[in-house]
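Visitor: I'd like to learn how to read a chain like this one, feature by feature. Could you walk me through it?

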Amino acid sequence: MPKQIINYQVATSDHGLTVLQVSCEGKQTIEIVLSDFLKDLTHAATLYDQVNQYLGELSESTQNHVFDVFSKLYQTEQPVDFDSQETVEALESRIAHVTSLLNYENFKVWLRHRSDKIIYPDNILHDYVYDPDMNTTQEKTYIKSEYTDLIVYIIFIRILTPLFLDYYTHVKQVTQHYHYKIFMLFARSELYECPEATKLRTYIDVNQKTLIGSGKNENLILTAGLSDDDILDSMMSEVLFSKILPIDFFHKKCNIISYVFQTIRFKGNFASPDGLSIKSRDSRETSGSSGQEDMSTFENYRKTSDMPIGTVMEIQNALSSVRHLLIGLGRPDFDLTDYHEEIRGIGKYIDCELQDTQMYMLGWFLGKIINPRALFYIEHRKLIELAIFARTVLIAEGHPFIALFLTSKKTSNHNYMSVVIRNSVNRGVVEGLSQNYGFVQEEGRASVVEKTISEAAKEISNSIWTPISPPAHLKDLINSLGYLISPPNVNELVFKFVQYVNSGRPT
C-alpha cells in the first residue's frame, strides 16, 4: 500500500500571509505565498485535498522525485532570475517533467471515479440535445462528462502550483499579460494540447463569435496587441488562472461556463471607450475609474500594436539575459556589479518614461543584438532594465553624458531653445561613420545619418532632463538644480556615440 510522504497545506505565515506549504518526509518544507493568487480564501484550507489524496496513491519514489523537482527551483543561494530565458525554459521543462511523473491520464481516471462528490451547476446536462429554437451547438455546450474533465484538468494544474506561483508573483509586476505568460509555461507539457484544453479553446472560439461577432479579432489585434493565434490562449489563461483555479469544486457551487462568458465579454471590451484592460495608469485616473490600487506600478505598458503578444514575449526573452547581451556587445567579461545593484533599487525609476530620442539611442546601442524597432513593443520595466544596462556599459566605456541621458526624466513643463549648442561637427568624426553609413553619404552634402544625429542632439539640448543615477555618476554633469548639463559639443558627443556602437567589439 503506497504511503503519502508529500503533502500540500494552506496555512498562515508568521507575517499573517496565506501560504502554500509543500512538505516531504525528511526534507525541508517549501513555503510559497498564496495571498496574491487566491482571491477567495473561503475554502483555501481544502483546496488541495484531492491533490493530497492522489499523491498518496503514487509510489514513494515518484513522490520524492516530484518534490525534488520542486526543491531545485528554491534551493539557490541567489534569488531566481525570472527574467532570464534559461529560467523560463527550466520552468517549462519542469512542468512537462512533473506532468509526466504524475501521469495525467491516470489522474483523470482516478478523479472521475470521485466525481459524485463534485458540486455541479443545475444547468449542466448529461447529454447534448439539439434544440432548433436555441442558438446553440455541441461546440457551444459543456455536457456533464466534459465539465467533469475540465475540473480534472484544473485540479491537475493545481498540483503544479509550486512550479509557477513565484513566477506568477514576478510577472504580475511587469506585464498585464501575466496569466498568458503563466499558461505559456505549459507549452511543452501534454496539458497544453490535451482534449480538455482543446475543448475549452473550441468553446471559447465559437462562443466569442456569437458574443462579439465575426469581427471579434480586429479589436483585440489592433487594441490589445494580440494576434489571432494568441487570443484563445489569452482567454484560456484568464479563465484558468484568474477565475477557476482557486475554486474548490467539492465545497463551493459555481458555474465555470459563466466565468468563460464573463472573460469573453471582458476581452471584447478592449475596444470600447471604457475598456480598462490596456490603458495606462494615467488614463484610468483621468477617466475617474476606481478600484485599481492593486495594479502594478509599472503598468504603463508597451505601445499597443498589431504585433502578436507571442512575438513580444520572444523579444523580451531574447533580451532577458544580460550575459547574452554582453556577448552580443563583445563584452563577455564586463563587471555587472553596478548593474545588479541598480536593478535591486529599480523602484526609483518608476516615473522615468523613456522618450523617443532615448529609445532611438538605446536602439543604436542594442542594434547589433535586436532590431531597434522592437523596443517600442516591450514592457516599461524591461525598457528601464535595458536603459540601466546600457548606462552601466557606457559609463565604463567613456560615454558618461549619453549614459546619463538614457535614464533621465524629461521635464515636460519646461522647454527652451539652447543657444550654446554647436551645430557644426568635426568632419573627421563624420567621416568616421562612412564605414557603416557610406551608402547614405554624398560628397559635399549632409547625409541622412548626419541630419538624424543632429536632430537627436537638438532634442537633447532643447529639453530639460533630470538624471536618475547613482550620485557618483553625476559629478560635473548636472547643475545646481539637478538638471543634466548639455555641453556645447553635444552634437559631437552623439556622433561619437554612434561611431562607438558601430565599432568592432573586442572578443
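**Reading the chain, one feature at a time**

Guide: Let's start at a loop residue: at 66% relative accessibility, D476 counts as exposed, because the cut-off for that label is over 50%. Keep in mind that we're looking at a predicted model.

Visitor: Where does D476 lie, and what is its phi?

Guide: D476 lies in the loop between α22 (471-474) and α23 (490-501). Its phi is near 70°, a positive value in a residue other than glycine.

Visitor: Which other loop residue can I look at for a positive phi?

Guide: Try N103, with phi near 60°, and again the residue is not a glycine. You'll find N103 in the loop between α3 and α4 (104-112). At 30% relative accessibility, N103 counts as partly exposed, because that label covers values between 20% and 50%. For a glycine, go to G330, just after α14, where phi is positive at about 80°.

Visitor: Let me step back. How many helices and strands are there in the chain?

Guide: The chain has 23 helices and five strands. Of its 507 residues, 52% count as buried. The accessible surface comes to about 23,800 Å², and carbon and sulfur atoms account for 49% of that.

Visitor: What share of the contacts joins residues at least 24 apart?

Guide: Take the contacts between residues at least 6 apart in sequence: 73% of them join residues at least 24 apart. T99 lets you see this sort of pairing up close. T99 sits in helix α3 (residues 85-102), and its C-alpha is 7.6 Å from that of E190, although the two are 91 residues apart along the chain.

Visitor: Is T99 buried or exposed, and what is it in contact with?

Guide: T99 has a relative accessible area of 1%, so it is buried, the cut-off being under 20%. Leaving aside neighbours within four places in sequence, its contacts are Y104, F156, L160, S189, E190 and L191.

Visitor: And how do I read L240 in helix α10?

Guide: Use the same steps. Helix α10 spans residues 228-244, and L240, at 3% relative accessibility, counts as buried. Beyond its neighbours within four places in sequence, L240 is in contact with Y153, I154, I157, F183, L200 and L245. You can also check the C-alpha separation between L240 and V260, which are 20 residues apart along the chain: it is 9.1 Å.

Visitor: Now a whole helix. Which residues of α14 are buried?

Guide: In α14 (residues 322-329), the buried ones are V322, L325, L326 and L329. They cover an arc of only 100° around the axis, so they lie on the same side of α14. What covers them includes α15 (337-344), α16 (356-365) and α17 (380-396).

Visitor: How do α14 and α17 cross?

Guide: For a helix pair, look at the approach of the axes, then the angle, then the hand. The axes of α14 and α17 come within 12 Å and cross at roughly 45°. That angle makes α14 oblique to α17. The crossing is right-handed.

Visitor: And which residues meet there?

Guide: From α14 you have V322, L325, L326 and L329, and they meet L386, F389 and V393 in α17. Those α14 residues are the buried ones we just listed, so put the two views together: they lie on the same side of α14.

How values were computed:
Residues are numbered from 1 along each chain as its sequence is written. This is a predicted model: local features need pLDDT of at least 70, side-chain atom pairs count only at pLDDT 80 or more; totals for chains, interfaces and linings use all residues. Side-chain values use heavy atoms; hydrogens and water are left out. Helices (H or I, at least four residues) and strands (E, at least two) are DSSP runs, numbered from the N terminus. Buried means under 20% relative accessible area, exposed over 50%, partly exposed in between (1.4 Å probe, protein chains only). Contact means heavy atoms within 4.5 Å. Accessible areas come from the Shrake-Rupley method with a 1.4 Å probe; for residues, only the protein chains shown count as cover. The arc is that of the directions from the helix axis to the C-beta atoms. Axes are lines fitted to C-alpha atoms, for helices over the stretch in contact, and angles run from 0 to 180 degrees between N-to-C directions. Angles under 35 degrees count as roughly parallel, over 145 as roughly antiparallel, 65 to 115 as roughly perpendicular and the rest as oblique. A crossing is left-handed if the near helix is turned anticlockwise from the far one by less than a right angle, and right-handed if clockwise.
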